[in-house]
Amino acid sequence: MNKKIVIIGAGTMGNGIAHTFAQTGYEVSLVDVSQDALDRGLKTITSNLDRIIAKGNLTEDQKSATLNRISTFTQLEDAAKEADLIVEAATENIDLKLKIFRQMDELSPENCILATNTSSISITKIASVTSRPHKVIGMHFMNPVPIMKLVEIIKGYSTSKETFDEIYELSKALGKVPVEVNDYPGFVANRILMPMINEAIETLYNGVAGVEEIDTVMKLGMAHPMGPLQLADFIGLDVCLAILNVMHDGFKNPKYAPCPLLVNMVTAGKMGIKSGEGFYDYSESKKAEKVARAFMK
């Protein structure tokens, strides 16, 4: 438990990863560009811990201990000096990630493992901007991180067996189920999931059925816990678009081309839950109970 963990990004994924490490007993440094973002992240972690307490799975003392293990920083150099592992959980943007990894490489000790929570971007490409590609790896957590068991462990072209084994075992120590994945666009989860979501959007775009009807078919007919359009809203339509673009660019296969409706919605600022509207209207409830006005019959 003496490993020092740094998480870059206090958003949905970053605060969830920080929460999971801290609750498991690790000392965590959470880094973001502004104190406001860090405060929002800590508020979310506190709320999520309270939910776990309400279910009887955590005590108030354990909550306090978890929060006390999290320190916040607005400067990576202050957090990374003695890091054993840095997990980058910034926006799914290749230029931003490459910039951050250059900084991670420059500011952290030689033995520090550099991991990314990217959901689609090449680990090999990210590793190529560092001086330690053998110590660069993907740790793709699922949202919500404290609840979801899966972690895709993605090996870049140069990732060493030692690095892979260490992160694989660390993931198990977090109570997760790690799955070994090779470095191809979308990995496994999103290579299968995103074309399904995109096809659901195409089905809506082509007038085959409405929003609720499409989601109901997949929930009741395929036993999915939520329909693909609701799931897209939950993930963020901008994130879905970014992942589809990465796969379309990486494979040069038209089957990964994003639906024009998805492109238009993101352009219009309709990102799903995070913006208050996507395929559903979230102005009154986060439970996808009301179809967005644009898709009402």
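Two residues are in contact when heavy atoms of theirs lie within 4.5 Å. In this predicted model, 64% of the contacts between residues at least 6 apart in sequence join residues that are at least 24 apart.

The chain is built with twelve helices and eight strands. Its radius of gyration is 19 Å, which agrees with the value near 19 Å that a compact globule of 297 residues would have. Taken along the principal axes, the box filled by the C-alpha atoms is roughly 55 × 45 × 35 Å. Of the 297 residues, 47% count as buried, while the chain exposes about 14500 Å², of which carbon and sulfur atoms supply 52%. The chain carries 31 positive and 36 negative charges, and the mean positions of these two groups are 2 Å apart.

How many aromatic pairs does the structure hold? There are five aromatic pairs, and two of them are set out below.

| Aromatic pair | Distance between centres | Angle between planes | Kind |
|---|---|---|---|
| Phe 21 and Tyr 26 | 5.6 Å | 80° | edge-to-face |
| Phe 279 and Phe 295 | 5.5 Å | 35° | tilted |

The pair of Phe 21 and Tyr 26 is edge-to-face because its planes stand at 80°, and planes over 60 degrees apart are counted in that way. Phe 21 has 0% relative accessibility and therefore counts as buried, and Tyr 26, at 6%, counts as buried too.

In the tilted pair, Phe 279 and Phe 295 are both buried. Each of Phe 279 and Phe 295 lies in the segment after helix H12 (260-267), so the pair ties together parts that are 16 residues apart in sequence.

Terms used
Residues numbered from 1 in each chain as written. Predicted model: local features only at pLDDT ≥ 70, side-chain atom pairs only at ≥ 80, totals over all residues. Heavy atoms only, no water. Helix = DSSP H or I, 4+ residues; strand = E, 2+ residues; numbered from the N terminus. Rg over C-alpha atoms; globule rule 2.2 N^0.38 Å. Buried < 20%, exposed > 50% of the residue type's maximum accessible area, 1.4 Å probe, protein only. Areas by Shrake-Rupley, 256 points an atom, 1.4 Å probe, with all protein chains shown as cover. Lys, Arg positive; Asp, Glu negative; His and termini not counted. Charge placed at Lys NZ, Arg CZ, Asp CG, Glu CD. Phe/Tyr/Trp six-rings, centres within 6.5 Å; stacked < 30°, edge-to-face > 60°.
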